[in-house]
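The paragraphs below go through charged side chains: pairs first, then surface patches. Please keep the sequence and the model open while reading.

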Amino acid sequence: MHREIWEKIKSFQTVLMIVITLGYLLGTHLSTINDLQLALAEKAERSDMELLDKKLTRIEVKLEAAIISREEIVALREHIDRQLSEFATRQQSDSERKHDEGANRR
């Protein structure tokens with residue numbers, strides 16, 4: 001009887017050791033997969049950050065090229081003022097000439 005019980009205990013121990021070993025292997029496997037996923041996520045995040053940084057740099061360059069400086073605004077205003085003054089002078093001259101021609105015809 002002891003022998004039968006002892007054999008059952010040995011069989012149970014063997015099965016238990018196999019289950020523990022499989023559990024350990026499964027845990028190790030899942031841990032490795034999790035570590036790899038974390039490493040890939042970090043790499044993807046770094047890659048995304050680098051891509052965003054490059055895009056921001058390109059946007060900054062475009063903005064700098066599109067924005068005019070204060071000096072350029074002042075120069076543009078002065079140019080427009082000169083053009084308007086010349087136009088007003090021409091209009092006044094044309095108006096005076098037409099007025100003089102009209103007075104000469106009478």
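Is Glu7 exposed or partly exposed, going by relative accessibility? Glu7 has 47% relative accessibility and therefore counts as partly exposed. The value comes from a predicted model, as do the others that follow.

Glu7 is a convenient place to begin, since its side chain takes part in a salt bridge with Arg3. The closest N and O atoms of this pair are 3.9 Å apart, and a salt bridge is counted when such atoms lie within 4 Å. Both Arg3 and Glu7 belong to helix 1, where four residues, or about one turn of the helix, separate them. Arg3 has 65% relative accessibility, so it counts as exposed. Side chains of opposite charge can pair when their charged atoms come close.

The structure holds three salt bridges. What is the N to O distance between Asp81 and Arg77? For this salt bridge the distance is 3.9 Å. Asp81 and Arg77 are both in helix 2, which covers residues 70-105, and they sit four residues apart, about one turn of the helix. Arg77 counts as exposed because its relative accessibility is 55%, whereas Asp81, at 36%, counts as partly exposed.

Helix 2 also contains Asp94 and Arg97; they are three residues apart, so about one helical turn separates them. Their side chains meet in a salt bridge with an N to O distance of 2.6 Å. Asp94 has a relative accessibility of 31% and so counts as partly exposed. Arg97, at 46%, counts as partly exposed.

The surface patches come next. Their members have over 30% relative accessible area and no salt bridge, so a residue that is already paired is left out of them. Which residues form the positive surface patch that includes Lys54? Lys54, Lys55, Arg58 and Lys62 form it. Lys54 is part of helix 1, which runs over residues 2-66. With 53% relative accessibility, Lys54 counts as exposed, because the category begins over 50%.

A negative surface patch is made up of Glu50, Asp53, Glu60 and Glu64. Of these residues, Glu64 lies in helix 1. Its relative accessibility is 64%, so Glu64 counts as exposed. Helix 1 thus carries Lys54 from the positive patch and Glu64 from the negative patch.

Definitions and conventions
Residues are numbered from 1 along each chain as its sequence is written. This is a predicted model: local features need pLDDT of at least 70, side-chain atom pairs count only at pLDDT 80 or more; totals for chains, interfaces and linings use all residues. Side-chain values use heavy atoms; hydrogens and water are left out. Patches are made of residues with over 30% relative accessible area and no salt bridge: like charges are joined within 9 Å, nonpolar side chains (Val, Leu, Ile, Met, Phe, Trp, Tyr) within 5 Å. Accessible areas come from the Shrake-Rupley method with a 1.4 Å probe; for residues, only the protein chains shown count as cover. Lys and Arg count as positive and Asp and Glu as negative; His and the chain ends are not counted. The place of a charge is taken as NZ of Lys, CZ of Arg, CG of Asp or CD of Glu. Helices (H or I, at least four residues) and strands (E, at least two) are DSSP runs, numbered from the N terminus. Buried means under 20% relative accessible area, exposed over 50%, partly exposed in between (1.4 Å probe, protein chains only).
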